[in-house]
Amino acid sequence: MSLSKLEYRLLLYLVENKNHILSKEQILEKIWDSDGKYVDNNTVSVNISRLRTKIEDDISKPKWIQTVHGIGYIWKE
């Protein structure tokens, strides 16, 4: 498995905050341009999906990165 720099930063941020729900806005602020000029909430979803394809055994039933509908994402251990 090979991760891009952005995927690695995203993974690291999720793992550092394991078992805590991170909103899409929190992820945007931490990983991307802090004033949000070049990204939107869809950017987070797309990159979470790409990361899942690389680390999850079954992306239809994610074990590590779980979606908290209407809020964001959580890293479960």
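What follows is a walk through the sheet, the helices and a salt bridge of this structure, which is a predicted model.

The sheet makes a handy starting point. Strands of a sheet pair through backbone hydrogen bonds, and they can do so in a parallel or an antiparallel way. Here, 3 strands build an open sheet, lined up in the order β1-β3-β2, and the pairing is antiparallel. That leaves β1 and β2 as the edge strands, each with a partner on one side only.

Now for the pairs themselves. Strand β1 covers residues 22–23 and joins β3, residues 72–75, through 2 bridges in the antiparallel sense. Within this pair, Ser23 sits opposite Gly72 of β3. On the other pairing, strand β2 (residues 65–68) runs antiparallel to β3 over 4 bridges. Two matches help to trace how β2 and β3 line up: Ile65 faces Trp75 in β3, while Val68 stands opposite Gly72 in β3. So Gly72 turns up twice, opposite Ser23 and opposite Val68, given that β3 pairs with both β1 and β2 in the strand order β1-β3-β2. The chain gets from β2 to β3 by way of a hairpin, with 3 residues between the two strands. Gly70 is in that turn, and its phi is positive, at about 80°.

Next come the helices. Helix α1 (residues 5–16) lies across β1, β2 and β3, and runs at about 70° to β3. Helix α1 also meets helix α2, which spans residues 24–31: their axes come within 11 Å and cross at roughly 125°. An angle over 145 degrees would count as roughly antiparallel, and 65 to 115 as roughly perpendicular, so α1 and α2 are oblique to each other. Their crossing is right-handed.

Which residues in α1 and α2 meet? From α1 come Leu6, Arg9, Leu10 and Tyr13, and from α2 come Gln26, Ile27, Lys30 and Ile31. Sorted by character, the residues of this contact divide into 5 nonpolar, 1 polar and 2 charged.

Finally, there are the charged pairs. The structure holds 2 salt bridges. One of them is between the side chains of Lys54 and Glu7, at 2.7 Å from N to O. Lys54 belongs to helix α3 (residues 41–55) and Glu7 to helix α1, so this salt bridge ties together parts that lie 47 residues apart in sequence. Helix α1 thus features in three places: lying across the strands, crossing α2 and holding the Glu7 end of the salt bridge.

Notes. Residues are numbered from 1 along each chain as its sequence is written. Side-chain values use heavy atoms; hydrogens and water are left out. Two strands pair if DSSP finds at least two bridges between them. Axes are lines fitted to C-alpha atoms, for helices over the stretch in contact, and angles run from 0 to 180 degrees between N-to-C directions. Angles under 35 degrees count as roughly parallel, over 145 as roughly antiparallel, 65 to 115 as roughly perpendicular and the rest as oblique. A crossing is left-handed if the near helix is turned anticlockwise from the far one by less than a right angle, and right-handed if clockwise. Contact means heavy atoms within 4.5 Å. Ala, Val, Leu, Ile, Met, Phe, Trp, Tyr, Cys and Pro count as nonpolar, Asp, Glu, Lys and Arg as charged, and the others, Gly among them, as polar. A salt bridge is a side-chain nitrogen of Lys or Arg within 4 Å of a carboxyl oxygen of Asp or Glu.
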